[in-house]
Amino acid sequence: MQPTGASEELIPPTMPAVYLPAPPSGKNRKPKPSNLIYKADFPTPHCTETQYLVKVSATALCPGELEWPHLLHRRENGAVIGHDICGTVLSTPVADEHLPDGPRFKVGDRVFGLIELARDGGAADCVAAEEEELALKPQNISAVEAASIPLSALTAYQILCEHILFKDSMKEYGRHKDLPFRILILNGTGDVGIQAIQILRSKSIWRGYHIWVCATTTTTEHERFLRDELHADEVLNSVENPDLAQVWKHRNWPQVHLILDCMGGGALSRACIQGILDKAGATTSALEAICDPDKHQVEGGYFGVKPNGVQLGMISKLVEDGEIKPYVDKVFELHEAKEAMEYVESRKARGKVVVHVNYD
């Protein structure tokens with residue numbers, strides 16, 4: 001059944017897309033950026049009766065994306081990458097056709113969102129999206145900038161606001177200036193780290209709270225960025241200071257209540273072993289929350305980032321109010337997706353790497 005607002009002229013049967021193909025028969029090698037294929041006539045998605053069809057303006061890529069279990073599961077027919085999207089509503093759900101007010105989003109609306117990781121992403125001319133995956137795009141930023149926000153900001157928001165800071169065990173901290181809630185963010189210049197620090201600095205979310213933030217990074221330039229732009233209380237260069245416990249001891253810093261790992265590679269376990277974390281504190285890995293949510297544990301419960309249109313609408317408001325800014329490191333064209341993913345996997349980016357798909 002064709003969704004409302006659709007027409008044969010606007011929705012051709014095929015489209016340009018970048019996808020990860022199925023592995024050769026009998027082989028299950030680790031996917032590489034070089035395995036990605038740009039195809040000019042990839043099948044256009046067929047929307048279910050609850051889905052919007054969105055013409056993609058831009059999509060953003062993530063470190064480790066090619067190894068996400070969700071993506072590997074879809075490789076049999078080829079899996080389109082890029083789940084952060086910004087674009088224009090091309091057609092609306094059939095199921096909403098007879099609602100008194102019609103669908104929430106109208107044809108022509110500019111939206112941004114996080115596409116469920118189990119489905120094809122936005123490195124394509126069009127993407128199918130459920131209502132809860134979308135929100136209206138912030139009006140004060142470009143499509144490229146908007147595409148850089150959803151996954152990183154939702155991950156940070158859901159970890160901090162849903163699963164950690166509002167728990168009863170954490171509420172005794174942060175109420176007084178001399179007893180702040182203390183957080184260590186490993187890799188503060190990664191995409192999730194940047195959004196987490198901005199969310200922690202939001203006066204509208206944390207009015208009356210006192211939060212101390214220490215972030216690690218690897219270059220002097222990034223140190224300045226974390227201090228001057230994001231206003232981290234303390235910044236540590238993990239190359240110059242690989243033994244964080246020594247720094248904590250030398251500076252006589254109290255232990256932290258939360259360690260947010262945006263780095264991976266054993267950094268979280270080393271920090272915990274080194275005695276930086278308070279005995280009643282919590283740890284969480286942003287990378288595992290995204291790439292393997294079924295195995296990711298936070299505070300005794302399991303957590304995986306999920307699309308949430310209501311929260312994304314709140315994040316959009318924070319962007320329009322200037323409390324969250326997009327940070328885009330580099331922009332590539334769709335046919336340059338291999339090079340884009342290679343740069344993402346180099347882990348050199350400060351912020352997001354975005355793929356430009358359609359010009360407005």
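## A first stop: Asp233 and Arg201

With a relative accessibility of 37%, Asp233 counts as partly exposed, because that class runs from 20% to 50%. Please keep in mind as you look around that this is a predicted model. Asp233 has a charged partner: it forms a salt bridge with Arg201, and the closest N and O atoms of the two are 2.6 Å apart. Asp233 sits in the loop between α5 (220-229) and β11 (234-237), while Arg201 sits in the loop between α4 and β10 (211-217), so this pair ties together parts that are 32 residues apart in sequence. Arg201 is also partly exposed, at a relative accessible area of 27%.

Arg201 will come up again in the tour, since it is one of the residues that lie nearest the centre of the second largest pocket.

## Other salt bridges

How many salt bridges does the structure hold? The count is 11. One of them joins the side chains of Asp125 and Lys55, at 3.0 Å from N to O. Asp125 belongs to the loop between β6 (110-114) and β7 (126-130), and Lys55 belongs to strand β3 (residues 51-61), so the bridge ties together parts that are 70 residues apart in sequence. Is each partner buried or exposed? Asp125 has a relative accessible area of 12%, which makes it buried, because the limit for that class is 20%. Lys55, at 32% relative accessibility, is partly exposed.

Another pair is Glu133 with Arg119, whose closest N and O atoms are 2.8 Å apart. This bridge links distant parts of the chain, 14 residues apart: Glu133 is in the loop between β7 and β8 (134-136), and Arg119 is in the loop between β6 and β7. Glu133 is buried, with 4% relative accessible area, whereas Arg119, with 22%, is partly exposed. There is also a network of salt bridges, which links Asp84, Asp191 and Lys352.

## The enclosed cavity

Searching the whole structure for cavities of 30 Å³ or more turns up one. The largest cavity holds about 40 Å³ of space. Which residues line it? They are Ser148, Ser152, Asp191, Ile194, Gln195, Tyr327, Gly351 and Lys352. Two of these names, Asp191 and Lys352, also belong to the salt-bridge network with Asp84.

Helix α4 (residues 191-200) gives the largest share of this lining, with three residues. Sorted by class, the lining has four polar, two nonpolar and two charged residues. Domain 1 (14-137 + 327-356) and domain 2 (153-285) each contribute at least three residues to it.

## A closer look at Ser148

One of the cavity-lining residues, Ser148, is worth a stop of its own. Ser148 is found in the loop between α2 (143-147) and α3 (150-164). Its relative accessibility is 2%, so it counts as buried. The side chain of Ser148 reaches the backbone oxygen of Glu145, at 2.6 Å.

## The two largest pockets

The largest pocket contains about 380 Å³ of space. Its lining is made of 22 residues, and those nearest its centre are Asn187, Gly190, Arg347, Lys348 and Ala349. At least two lining residues come from each of α4, α8 (286-291) and β17 (352-356). By class, this lining divides into 10 nonpolar, eight polar and four charged residues. Where does the largest pocket lie? Both domain 1 (14-137 + 327-356) and domain 2 (153-285) give residues to its lining, so it lies between them.

The second largest pocket has about 310 Å³ of space. Here 14 residues form the lining, with Leu200, Arg201, Tyr209, His210 and Ile211 nearest the centre. The classes in this lining are six nonpolar, five charged and three polar residues. Arg201 is the partner of Asp233 in the salt bridge at the start of this report.

## A last stop in helix α5

Glu223 is located in helix α5. With a relative accessible area of 11%, it is buried. What does the side chain of Glu223 make a polar contact with? The partner is the side chain of Asn237, at 3.1 Å.

Notes:
Residues are numbered from 1 along each chain as its sequence is written. This is a predicted model: local features need pLDDT of at least 70, side-chain atom pairs count only at pLDDT 80 or more; totals for chains, interfaces and linings use all residues. Side-chain values use heavy atoms; hydrogens and water are left out. On a 1 Å grid over the protein atoms alone, a cavity is a set of points where a 1.4 Å probe fits but cannot get out, and a pocket is an open set with protein on both sides within 12 Å along at least five of seven lines; lining residues have an atom within 4 Å of a point. Grid points are joined across faces, edges and corners, and a volume is the space filled by probe spheres set on the points. Helices (H or I, at least four residues) and strands (E, at least two) are DSSP runs, numbered from the N terminus. Ala, Val, Leu, Ile, Met, Phe, Trp, Tyr, Cys and Pro count as nonpolar, Asp, Glu, Lys and Arg as charged, and the others, Gly among them, as polar. Domain bounds come from an automatic or database domain assignment. A salt bridge is a side-chain nitrogen of Lys or Arg within 4 Å of a carboxyl oxygen of Asp or Glu. Buried means under 20% relative accessible area, exposed over 50%, partly exposed in between (1.4 Å probe, protein chains only). A polar contact is a pair of N or O atoms within 3.5 Å; within protein, one must be able to donate a hydrogen and the other to accept it, and residues adjacent in sequence count only if both atoms are side-chain atoms.
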